[in-house]
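Okay, everyone, thanks for coming. Let me put the model up and we'll walk through the ligand site together.

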Amino acid sequence: MNFRDLNLNTPLYNALDDLGFTTPTPIQAEAFSVVASGKDMVGIAQTGTGKTFGYMLPILKHLPFSQQENPRVLVLVPTRELVVQVVDEIEKLSKYINTRVLGVYGGTNINTQKQAIAQGVDILVATPGRLYDLALSRVLQLKSIQKLVIDEVDVMLDLGFRHQLINIFDILPERRQNIMFSATMTKDVEYLIDDFFIAPEKVSIATSEHP
Ligand code: AMP
């Protein structure tokens, strides 16, 4: 399989060409049509499998240009390091698209982040605690979120973010697509899916643990 088989568009092909990527990884090949369909999805994939582009390729392909200020895509990740990494990946992929990407995380000045949000954002990448604080401050409006991606959800639950996740679900629009990635399917992850996802499609790739 080649990226051309995914029927992307010229700006995405140009970005992939610049990166030197020609072949989708297994999770990218599997997740593309599910994410593009708008259905809820649970992906079992480890870091290093290319899962970030697995959800960002279909999302960027279908995200129309907009001048509205409120973010339309929310990506939640467990750590500040991951926020920085995911923002970096999205920026590379959206190099030729007019998309505003912003990363926010705790442990740094919230006012600087409020100012950045006020400039307008399309894709917001955040750690759960800081995201919730920003939403409570009302600078951040979540009413336009159409797609919620939760990456490394198993790590997030291990770090004790379950309540924060539920608080965030409560203030998101009900009509949205949920996309979740986890390295392993734990009981805690299953409970979360059962409670908040609607008939999710499971996408998993073979790992060395299960030859
Ligand atoms: P991730 O699992 O999303 O953290 O991605 C792991 C690494 O693989 C990142 O450095 C990506 O830039 C890279 N990557 C993503 N997709 C591809 C691809 N199709 N071909 C080669 N490298 C890729």
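So, let's start right at the ligand, and keep in mind that this is a predicted model. There are 14 residues around the ligand, and the ones that come nearest are Thr23, Gln28, Gly48, Gly50 and Thr52. What kind of residues make up that shell? By class, we get 9 polar, 3 nonpolar and 2 charged.

Now the polar contacts. In the side chain of Thr52, an N or O atom sits 2.6 Å from an oxygen atom of the ligand. The backbone joins in too: Thr49 has a backbone N or O atom 3.0 Å from a ligand oxygen, and for Lys51 a polar backbone atom is 3.2 Å from an oxygen of the ligand. How much of the ligand gets covered? On its own the ligand exposes 490 Å², and the protein buries 73% of that.

Okay, zooming out a bit. The ligand takes up the space of the largest pocket. Looking at elements, α3 (51-62) and α4 (80-93) are the ones giving two or more residues to the shell around the ligand.

About the pocket itself: the volume of this largest pocket is about 230 Å³. It's lined by 18 residues, and closest to the centre are Gly48, Gly50, Lys51, Thr52 and Glu89. Which helix gives the most to that lining? That's α4, with 4 residues, while α3 and α4 each supply at least two. By class, the lining of the largest pocket comes out as 9 polar, 5 nonpolar and 4 charged residues.

That's my tour, so over to you.

Conventions: Residues numbered from 1 in each chain as written. Predicted model: local features only at pLDDT ≥ 70, side-chain atom pairs only at ≥ 80, totals over all residues. Heavy atoms only, no water. Near = heavy atom within 4 Å. Polar contact = N/O pair within 3.5 Å; in protein donor to acceptor, adjacent residues only side chain to side chain. Areas by Shrake-Rupley, 256 points an atom, 1.4 Å probe, with all protein chains shown as cover. 1 Å grid on protein atoms, 1.4 Å probe; cavity = no way out; pocket = protein on both sides within 12 Å on 5 of 7 lines; lining within 4 Å. Sits in = over half its atoms within 2 Å of the grid points. Nonpolar A, V, L, I, M, F, W, Y, C, P; charged D, E, K, R; others polar. Points joined across faces, edges and corners; volume = space filled by probe spheres on them.
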